[in-house]
Amino acid sequence: MRFTFKHIMKKKLVFVTNNSNKLEEVHALLGNNVQLLSLKDIYCQEDIPETAETLEDNALLKARYVKKNYNLDCFADDTGLEVKALDNAPGVYSARYAGESKDPKINRQKLLRNLEKEKDRSAQFRTVIALIIGEKEYLFEGIVKGEIIREEKGTGGFGYDSIFVPEGYDQTFAELGTEIKNTISHRAMAVNKLKQFLNENE
């Protein structure tokens, strides 16, 4: 078989994150067809502001920053935990729910306190990915429904994983492990849509 440049060249994309957990998760989902770079790889040390009121706009803010300042094709994500009894809070403020320290454990503790008297504990994780290739922008969304349990379970995962049980399961994301999570999670759904788009537009 004769290989051309197209066969051996990987698509180079910057994933606009410094979160090593997310980077590892997304790299596993995208596979080896994409050369994935982080902010560290492009020597971007800026704390890119996430000041928008929606997940979509926050993802676009981050992707546009890298595109404008580094002129590299890139994608960024924003994820929110939306709890029905709390009018879909913490939502876009999930990472800083308990303050600007962005401490995941304190965030979880605050959420559990706010839900102490609630019977309806249904919730959903929603991820939005903003992709910029050339001058074009694309959005991909993934949603997984479930519920918030009353105490933390499991040591895997990150963020709210230890208190969220996805629909159809009796264990938290933190208990299920990366392999299962990567087949059913909100981020997996959004990344798989991104992957399909990249494959169809090589």
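These notebook entries record what I looked up in a predicted model.

**Entry 1: strand S3**

I began with strand S3, which covers residues 74-83. I asked how many of its residues are buried. The strand is mostly covered, with 10 of its 10 residues buried.

I then noted which way the residues point. Cys74, Ala76, Asp78, Gly80 and Glu82 point one way from S3, whereas Phe75, Asp77, Thr79, Leu81 and Val83 point the other way. Residues of both sets are buried. I set this beside the general rule that in a regular strand the side chains alternate between the two faces of the sheet.

**Entry 2: the partners of S3**

Next I looked up which strands pair with S3. Strand S1 (residues 11-15) runs parallel to S3 and is joined to it by two bridges. Within the two strands, Phe15 stands opposite Phe75 of S3.

S5 pairs with S3 in the antiparallel sense, over 10 bridges. I recorded Ala76 opposite Ala130 of S5.

Strand S4 (residues 89-91) also pairs with S3 in the antiparallel sense, over three bridges. Here the bridge partner of Glu82 is Pro90 in S4. S3 and S4 form a hairpin with five residues between the strands, and in this hairpin Asp87 takes a positive phi near 55°.

**Entry 3: Gln124**

I moved to strand S5 (residues 122-133), in which Gln124 lies. Is Gln124 buried or exposed? Its relative accessible area is 15%, so Gln124 is buried, the cut-off for that class being under 20%.

Leaving aside residues up to four places away in sequence, I listed what Gln124 touches: Gly80, Leu81, Glu82, Ile143, Val144, Lys145 and Phe164. Gly80, Leu81 and Glu82 among these contacts belong to S3. Two of the contacts are joined to Gln124 through side chains: a polar contact of 2.8 Å links Gln124 with Glu82, and another of 2.8 Å links Gln124 with Lys145. For Ile143, I noted that its C-alpha atom is separated from that of Gln124 by 6.7 Å, while the two residues are 19 residues apart along the chain.

**Entry 4: aromatic pairs**

I then turned to the rings and found a count of six aromatic pairs. I examined Tyr138 and Phe197, whose ring centres are 4.5 Å apart. Why is this pair classed as tilted? The planes stand at 50°, and tilted pairs are those neither under 30 degrees nor over 60, so the pair is tilted. Tyr138 lies in strand S6 (residues 136-148) and Phe197 in helix H7 (residues 186-200), so the pair ties together parts that are 59 residues apart in sequence. Tyr138 counts as partly exposed at 26% relative accessibility, whereas Phe197 counts as buried at 17%.

I also examined Phe164 and Phe173: their ring centres are 5.5 Å apart and their planes at 35°, so this pair is tilted. Phe164 is buried at 0% relative accessibility, and Phe173 is buried with a relative accessible area of 1%. Ring pairs link Phe164 and Phe173 with Phe125 into a cluster. I noted that Phe164 is also one of the residues that Gln124 touches.

**Entry 5: charges over rings**

Last, I looked up lysines placed over rings. The charged end of Lys181 sits over the ring of Phe173, 5.5 Å from the ring centre. Lys110 lies over the face of Tyr97, at 4.5 Å from the centre of that ring.

Conventions. Residues are numbered from 1 along each chain as its sequence is written. This is a predicted model: local features need pLDDT of at least 70, side-chain atom pairs count only at pLDDT 80 or more; totals for chains, interfaces and linings use all residues. Side-chain values use heavy atoms; hydrogens and water are left out. Rings of Phe, Tyr and Trp (its six-membered ring) pair if their centres lie within 6.5 Å; planes under 30 degrees apart count as stacked, over 60 as edge-to-face and the rest as tilted. Helices (H or I, at least four residues) and strands (E, at least two) are DSSP runs, numbered from the N terminus. Buried means under 20% relative accessible area, exposed over 50%, partly exposed in between (1.4 Å probe, protein chains only). A charge sits over a ring if NZ of Lys or CZ of Arg is within 6 Å of the ring centre and within 35 degrees of the ring normal. Contact means heavy atoms within 4.5 Å. A polar contact is a pair of N or O atoms within 3.5 Å; within protein, one must be able to donate a hydrogen and the other to accept it, and residues adjacent in sequence count only if both atoms are side-chain atoms. Two strands pair if DSSP finds at least two bridges between them.
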